[in-house]
Amino acid sequence: MKNKFYLLSSGLIVSSLLAACGPGESSSETSTEPENSDGATIVMWEDVDKMVGTEEAIKAFEEEHNVTVEVQEKPYGDNIEDLRLDGPGGTGPDIFAMPHDNLGTAVTEGLVQALNVDEEVTSMYTDSAMMSQTVDGVVYGLPYAVETTVLYYNRDLVDEENLPETLDDWYEFSKEATEGDNYGFLALWDQIYYAQSIMGGYGGYVFGMDDDGNYDTEDIGLNNEGAVEATEYIQKFYEEGLFPSGIIGEQGINVLDSLFSEGRAAAVISGPWNLGPFEQAGIDYGVMALPRLENGDQMSSFVGVKSYNVSSYSQYPELAQELVEWLTNEENQLTRYENTMEVPAIEALANDPIVTESESAQAVAEQSQYAELMPGIPEMNEVWTPVDSALQTVATGSEEPQAALDSAVESVRSQIEANHSGN
């Protein structure tokens, strides 16, 4: 089917094509570097609780360049929104962490600086990770980690010798395991980020692709036959009480995490970001790729790429780029992985024993074979809220799948027309 594409395995993550909107007028030119950056202070916005992965690299960079790197930990998904306000006021960062699906918007708004990197640098990364940082042939960032959702299961609650293999198996398991405040298998299927794992497996998709490999934002597959069938499958987990009402809505992710951390859920779909927290909670867990669907296809998922990017407002763009290259090189990505368990975006690290011996890294690698790179174009911003709202109405029994998804897609189309008709 031309409308949907999957990533085929290539190391830890696989090659794909990401086409995005054109760069803003100011973001493709390099700012003038001050004559002397000696003694300068570089501000870096790092993801929350991830400074432990970059401390050694930053210290070495400071000593070599005689500069200070001021690290501020912030939720990396909020950085573009914050940069809009802080950048023009001179209080923003020089470099910042960013999820790749924000890049199209950042480029269009002129918030990120184009990087001057050669093939020797870009060839280190997996193809899809590097493509996620490229808009119209221009590189705007360097990737430091890749992630996709996987299945966690509690070894104390699930018999590994008879581990459920398909989603139907987990459904049957849940019917036996769900009692009172204890649950079997849980997932946040009132959100498209997680529900796409089923919708994609049935043939649903966000945007189709045109013949040139660009996203066709007029071709929306979130209410096609496959998407509706997937949502009907999702619906029964809520209707039959296999999912608690508490995991619906904004606080759902906290409830799901708590249920697994407290040993009251046998299995959950989550991402690598929970490796540390679940371990700290004392859960003896296993990690595996998502299960197969009853139609024989593997559950899909979104692949996310984390990157470091240089702010267009940086007074030291060349120095900032050096720091980005330094933090994302092979040695420092491996160190980051050892401290944060974030799967590296470096091709060569796919076969490093430190990575290959990790059950979680291998689960991410296996799942990535069936995963789809999350669209990184500005129009993707119009998808989240309407589709999440539609899925929540299904989860609460307020609306049937076809009607809910039809309304959501109509809303997405209207918002794209209103906010992106000039793109």
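These exercises look at charged residues in a predicted model, each with a worked solution.

**Exercise 1. Find which residues make up the patch of negative charge on the surface, and which element gives the most to it.**

Solution.
- Start with the members: Asp49, Glu55, Glu56, Glu73, Glu330, Glu331 and Glu338 gather there.
- Next, look for elements that supply two or more residues; these are helix H1 (55–65) and helix H12 (330–340).
- Of the contributors, H12 gives the most, with 3 residues.
- Now pick out Glu73, which sits in strand E2 (residues 68–74). Its relative accessible area is 36%, so Glu73 is partly exposed.
- That value also suits a patch member, because patches take residues with over 30% relative accessible area and no salt bridge.

**Exercise 2. Work out which parts of the chain the salt bridge between Arg84 and Glu109 ties together.**

Solution.
- Begin with the contact: the two side chains, Arg84 and Glu109, meet at 2.6 Å, N to O. The rule asks for a nitrogen within 4 Å of a carboxyl oxygen, so this pair qualifies.
- Then place each partner. Arg84 belongs to helix H2 (residues 79–89), while Glu109 is in the loop between helix H3 (103–108) and helix H4 (119–122), so the bridge joins parts that lie 25 residues apart in sequence.
- Finally, check the exposure. Arg84 is partly exposed at 36% relative accessible area, and Glu109 is partly exposed at 39%.

**Exercise 3. For the salt bridges Arg155 with Glu160 and Glu262 with Arg264, decide whether each partner is buried, partly exposed or exposed.**

Solution.
- A handy reminder first: side chains of opposite charge can pair when their charged atoms come close.
- In the bridge between Arg155 and Glu160, the closest N and O atoms are 3.0 Å apart. For Glu262 and Arg264, the N to O distance is 2.8 Å.
- Recall the cut-offs: buried is under 20% relative accessible area, exposed is over 50%, and partly exposed lies in between.
- Apply them to the Arg155 bridge: Arg155, at 27%, is partly exposed, and Glu160, at 40%, is partly exposed.
- Do likewise for the other bridge: Glu262 has 48% and counts as partly exposed, and Arg264 has 28% and counts as partly exposed.

**Exercise 4. State how many salt bridges the model has by this rule, and which residues are linked in a network of them.**

Solution.
- The count comes to 12 salt bridges.
- The network links Glu46, Asp47, Glu147, Lys306, Arg336 and Glu342.
- To sort its members by charge, take Lys and Arg as positive and Asp and Glu as negative. Lys306 and Arg336 are therefore positive, and Glu46, Asp47, Glu147 and Glu342 are negative.

Notes:
Residues are numbered from 1 along each chain as its sequence is written. This is a predicted model: local features need pLDDT of at least 70, side-chain atom pairs count only at pLDDT 80 or more; totals for chains, interfaces and linings use all residues. Side-chain values use heavy atoms; hydrogens and water are left out. Patches are made of residues with over 30% relative accessible area and no salt bridge: like charges are joined within 9 Å, nonpolar side chains (Val, Leu, Ile, Met, Phe, Trp, Tyr) within 5 Å. Accessible areas come from the Shrake-Rupley method with a 1.4 Å probe; for residues, only the protein chains shown count as cover. The place of a charge is taken as NZ of Lys, CZ of Arg, CG of Asp or CD of Glu. Helices (H or I, at least four residues) and strands (E, at least two) are DSSP runs, numbered from the N terminus. Buried means under 20% relative accessible area, exposed over 50%, partly exposed in between (1.4 Å probe, protein chains only).
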